[in-house]
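Hi,

Here is the structure I promised to send over. Have a look, and my notes follow underneath.

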Amino acid sequence: MPFPVSDAPLDGGWHPPAPNWLNRYAASSLRAEAELGVPLGTFLPGEPLAALQWVARSDDLAAELGWPADWADDQALQVFGGNGTWPGMAPMATVYSGHQFGAWAGQLGDGRALLLGEVDTPLGPREIQLKGAGQTPYSRRGDGRAVLRSSIREFLCSEAMHGLGIPTTRALAVVASPQPVRRETIETAAVVTRVAPSFIRFGHFEHFAHSGRPRHHEALQALLDFVITHHFPHLAEQPQPALALLDEVVRRTANLMADWQAVGFCHGVMNTDNMSILGLTIDYGPFGFLDAFDPDHICNHSDTQGRYSWNNQPQIGHWNLRALAQALLPLIPEAEADPRAVIEVLERYEQVFIEAMNKRWRTKLGLLSEQPGDNALCIDFLRLLAAGKVDFTIAFRRLAGFDTSAAVDAARNAPVRDLFLDRKAFDAWAVRYLERLRAESSVDTERADRMNRSNPLYVLRNHLAETAIRQAQRGDFSEVQRLHRLLRQPFTEQAGCDADAGFPPEWAQSIEVSCSS
Ligand code: AMP
Ligand code: MG
């Protein structure tokens, strides 16, 4: 079968061994095209950008991929800017559809993403994808570009989420070009290189399920076979593999939602095309971390109804899984006569989420055992935070210093207590917390250590990203690189970084992030 490789690959410099670029998704697209006349995407090169330069790189990730320390040479700069390919690469934009803000949006697809291929790595096969490398057949009215601002945000947050231990697509690099890009104002172009075992979204399944075009249901089956063979091989022997896949995605998504809630992460655009079939955080756009705790916080300025507010995220995860289930229905013949098994799998979501969430809240409070009343204790702490608009990250971090040696001791617990305007309400809660800690003979130093390993000191607050972006827009990338280093270890206190762990400045409230990127 011919593999559409680039005409003039860059060669001579370092590159991952050529045969490894054979991309299994591209190969399955060629097969679906040959057998069904339905490709899974389109092969095309990136649109070149002038005067590329590195903004930031994750050399850690490169090392995890097994690449040498000097991987980032001039050719790599061209490859990761979309200006050329290494031998054996066959860049491809994939097609998907999706529900956006609750409504069917029809065909979307990689409008500005290009799958460069796949490499074998010590972590297993990894796909490498550019974001912002130019127009594709799926760009609709878009220009195929990503601006420097949003590319820096995606790079930093991908790596920050990884540092927090939350499943995510990774970011290997950001490169910038002075080429102008029109958004609300004129900005400049950048390209982010993303790395993941797969970039397949719920929307890929929805596309082939709902297009109504001939042979698309066979393509849907081919997609399912691909995903199971390469990403969920343990499900291959299941009597109903599509149902088994749904079950697995339900569990992963429920756990991911609990991970997000626990660090105060708001995704901002939880459309079904932004939901990973592997349960990874994907497509960082108008995301945000909670500052003052407001459960109804909306991080995306374009989300006027608050559909994707912090508090709504878990139920939106469920909504999106229902859309996935609907797309998988044609692959579950048994469901036509009796859909109960599918409904049961979907209903499992709530239980898995609640258990995962409660476990994370207990961990955040430093509790080792599970006792009746723990949930109320956690929820009441969150209520106190909400009532006092207390900073989410700082409150949990300071709670690690809670002193159990005496009765509730206002002076010793001042760092956390003083965060609350209503001190009496905090003291009343603290009495319960103290009793609860004593009931499991909690040792202060050990608990503090544990809590500091689950409650981050540093998160990518908007104002931190914004400061780095403003400097980068003036040509100075050092703050992006500093934040990247800092956020790789979000639980560990780092010298000279007190301000990064502090309250957001007043001006942070005026930052608006929207779908414009
Ligand atoms: P998002 O809201 O970023 O998840 O994007 C939704 C859809 O719009 C996806 O199909 C993207 O590929 C596409 N898209 C977003 N921005 C652009 C752009 N500047 N050029 C082309 N396509 C875009
Ligand atoms: Mg998207």
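Which polar backbone atom is 2.8 Å from an oxygen atom of ligand 1? That one belongs to G111. Bear in mind as you read on that this is a predicted model.

Two side chains also make polar contacts with ligand 1. R140 places a polar side-chain atom 2.8 Å from an oxygen atom of the ligand, while D143 has one lying 3.0 Å from a nitrogen atom of ligand 1. Taken on its own, ligand 1 has 480 Å² of accessible area, and the protein covers 82% of that.

As for the surroundings, the shell around ligand 1 is made up of 17 residues, with G109, G111, R140, D143 and G144 the closest. Sorted by character, eight of the shell residues are charged, seven are polar and two are nonpolar. If you go looking for pockets, the largest one is the space that ligand 1 takes up.

Then there's the metal. Ligand 2 is a magnesium ion, and its protein donors are N274, through OD1, and D283, through OD. These donors lie 2.0 to 2.2 Å from the ion. Are the two residues buried or exposed? N274 and D283 are both buried.

That's what I have on the two ligands so far. Shout if anything looks odd on your screen.

Cheers

Terms used
Residues numbered from 1 in each chain as written. Chains lettered and ligands numbered in written order. Predicted model: local features only at pLDDT ≥ 70, side-chain atom pairs only at ≥ 80, totals over all residues. Heavy atoms only, no water. Donors = N, O, S within 2.8 Å, 3.2 Å for Na, K, Ca; no water. Buried < 20%, exposed > 50% of the residue type's maximum accessible area, 1.4 Å probe, protein only. Near = heavy atom within 4 Å. Polar contact = N/O pair within 3.5 Å; in protein donor to acceptor, adjacent residues only side chain to side chain. Areas by Shrake-Rupley, 256 points an atom, 1.4 Å probe, with all protein chains shown as cover. 1 Å grid on protein atoms, 1.4 Å probe; cavity = no way out; pocket = protein on both sides within 12 Å on 5 of 7 lines; lining within 4 Å. Sits in = over half its atoms within 2 Å of the grid points. Nonpolar A, V, L, I, M, F, W, Y, C, P; charged D, E, K, R; others polar.
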